[in-house]
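Okay, everyone, thanks for coming. I've got a structure to walk through with you today, so let me put it up on the screen.

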Amino acid sequence: MFRRFFRRPNPIRCHIRNVSLFGKDYKEDHMTNLTPRIINNLGNHKHRIPNHPIEIIKNEIYKFFDSKTGITFAKFEDLNPVVTVEQNFDSVLIPKDHVSRDKKDNYYINEDTLLRAHTSAHQVELLRKKESTFLCCGDVYRRDTMDRSHYPIFHQMEGVRLFSEEELGIPLFQDRKQRTESCQEHYSLEAVEKVENELKITLEGLVKHLFGEDVQYRWMDEYFPFTHPSFEIEVFYEGDWLEILGCGIMEYQVLVNGCSEDKIGWAFGLGLERLAMRLFDINDIRLFWKSEVVLDQFQSFNGDFRQFKFVLPERKIEPAKFDLAFWIPDGFHDHDFYDIARNIDVDDAIENVELIDVFSHPKTGKTSHCYRTYYRGALKGLQFKDVEHIDTAIRAVLAEQGAGLR
Ligand code: DAH
């Protein structure tokens with residue numbers, strides 16, 4: 001499996017390989033694109049390491065829900081990141097042809113199983129266990145660009161709160177035949193308004209808890225397959241509007257899938273790295289993985305994250321740049337290149353990669369990509385000689401995979 005970045009099924013290979021994750025064997029197939037780099041970091045979740053900045057933000061969110069909402073949210077933070085396609089996509093109504101299912105964006109173990117791409121994958125499973133008010137935190141996995149704000153493993157928090165007719169004190173259902181912009185077809189407008197209001201008050205409270213009472217924020221309309229209506233909150237922070245969470249009234253069908261069809265509910269999801277980067281002024285996502293150094297500083301964390309000042313490592317050297325051009329094999333995507341690079345660059349020497357040129361040969365019809373890779377450690381600068389071997393190894397893998405180096 002380690003060499004399958006752009007391989008089509010090979011008819012000569014007569015045996016099917018297995019990959020073993022958390023003690024369970026999975027058969028590989030044409031969808032498998034999990035890399036050793038990811039496998040080696042599976043379960044290496046930062047939200048459970050004491051005094052890790054991700055854990056601090058998680059606890060701060062817990063603190064808000066425990067002390068300021070007046071209700072008890074059950075907490076789940078150790079659910080298996082290996083999920084089925086049905087959990088990750090179907091259970092939350094993501095259409096079969098939706099772009100988010102694409103192999104280029106996800107780590108598939110095989111055609112039925114993948115590493116969860118969001119914590120929403122657990123909504124239905126928890127509803128079926130009769131959980132109706134919960135927070136679910138976990139490591140999530142996505143194939144993406146390589147830069148200072150993207151890492152293939154990051155952490156999310158999901159929140160769900162259901163209401164029964166009794167709790168809400170008004171009729172929940174009304175058959176309105178068609179949905180409108182503000183209301184699904186099944187629910188009464190009054191119920192939706194009440195739950196939406198509750199959702200907004202709760203999340204505004206969370207935003208104030210995290211960013212301070214005088215934070216400037218705004219609500220934006222959004223679209224998610226699993227909520228309607230859907231919203232996003234943006235916070236004005238150090239000169240920029242930063243989107244920090246998605247939320248909405250849960251689609252009735254999600255509740256049906258979760259055997260909770262007599263209720264109405266809200267849900268939200270947010271990324272913990274994004275929050276931690278803003279709140280602690282951490283400017284490079286790789287720092288969350290430099291546990292020794294980061295934890296050293298956070299040992300002195302006294303519980304008041306707004307007073308805490310994270311001191312960024314000083315790097316005096318500019319990034320070392322390497323350009324690499326090659327004819328791409330069929331079906332090749334930028335994310336394949338990033339995964340090859342990440343797989344070799346186990347110590348995160350690469351700060352970012354840019355696709356700087358795409359060229360199609362008029363005669364052969366072949367396409368070439370040129371990538372510029374910037375090498376600079378999150379903690380210290382790197383020189384040409386420190387990273388040359390990584391570039392050489394990337395070239396070797398590309399050549400082995402049938403990419404024609406230029
Ligand atoms: N799952 C979404 C994502 O990863 C985030 C999200 C948005 C979660 C809206 C929710 C929600 O529960 O209601 O981008």
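Let's start with the pocket. In this predicted model, the space that the ligand takes up is the largest pocket. Which elements give two or more residues to the shell around the ligand? They are three strands on your screen: β8, which runs over 153-163, β11, over 240-250, and β12, over 264-271.

So who's actually in that shell? There are 15 residues surrounding the ligand, and the closest are H118, S120, R142, Q156 and E158. If you sort the shell by class, you get 5 nonpolar, 8 polar and 2 charged residues.

Okay, now zoom in on a few of those side chains. Take H118: one of its polar side-chain atoms sits 2.9 Å from a nitrogen atom of the ligand. With R142, the partner is an oxygen atom of the ligand, and the distance to an N or O atom in the R142 side chain is 2.8 Å. Then there's Q156, where a polar side-chain atom is 3.0 Å from an oxygen atom of the ligand. And how much of the ligand does the protein bury? On its own the ligand would expose 360 Å², and the protein buries 88% of that.

Right, let's zoom out to the whole chain. Counting elements, we have 11 helices and 16 strands. If you lay the C-alpha trace along its principal axes, the spans are about 70 × 55 × 45 Å. Is that what you'd expect for a chain like this? Well, the chain has 406 residues, so a compact globule would have a radius of gyration near 22 Å, and the chain comes in at 23 Å, which agrees.

Before I stop, two backbone spots to look at. Here's the background: most peptide bonds are trans, and most residues other than glycine have a negative phi. Now go to the peptide bond from H228 to P229: this bond is cis, with omega near -5°. P229 itself is placed in strand β10, residues 227-237.

The other spot is K177. Its phi is near 60°, so we're looking at a positive value in a residue that isn't glycine. Where do you find K177? Look in the loop between α5 (165-168) and α6 (189-211).

That's my tour, so over to you for questions.

Key. Residues numbered from 1 in each chain as written. Predicted model: local features only at pLDDT ≥ 70, side-chain atom pairs only at ≥ 80, totals over all residues. Heavy atoms only, no water. Near = heavy atom within 4 Å. Polar contact = N/O pair within 3.5 Å; in protein donor to acceptor, adjacent residues only side chain to side chain. Areas by Shrake-Rupley, 256 points an atom, 1.4 Å probe, with all protein chains shown as cover. 1 Å grid on protein atoms, 1.4 Å probe; cavity = no way out; pocket = protein on both sides within 12 Å on 5 of 7 lines; lining within 4 Å. Sits in = over half its atoms within 2 Å of the grid points. Helix = DSSP H or I, 4+ residues; strand = E, 2+ residues; numbered from the N terminus. Nonpolar A, V, L, I, M, F, W, Y, C, P; charged D, E, K, R; others polar. Rg over C-alpha atoms; globule rule 2.2 N^0.38 Å.
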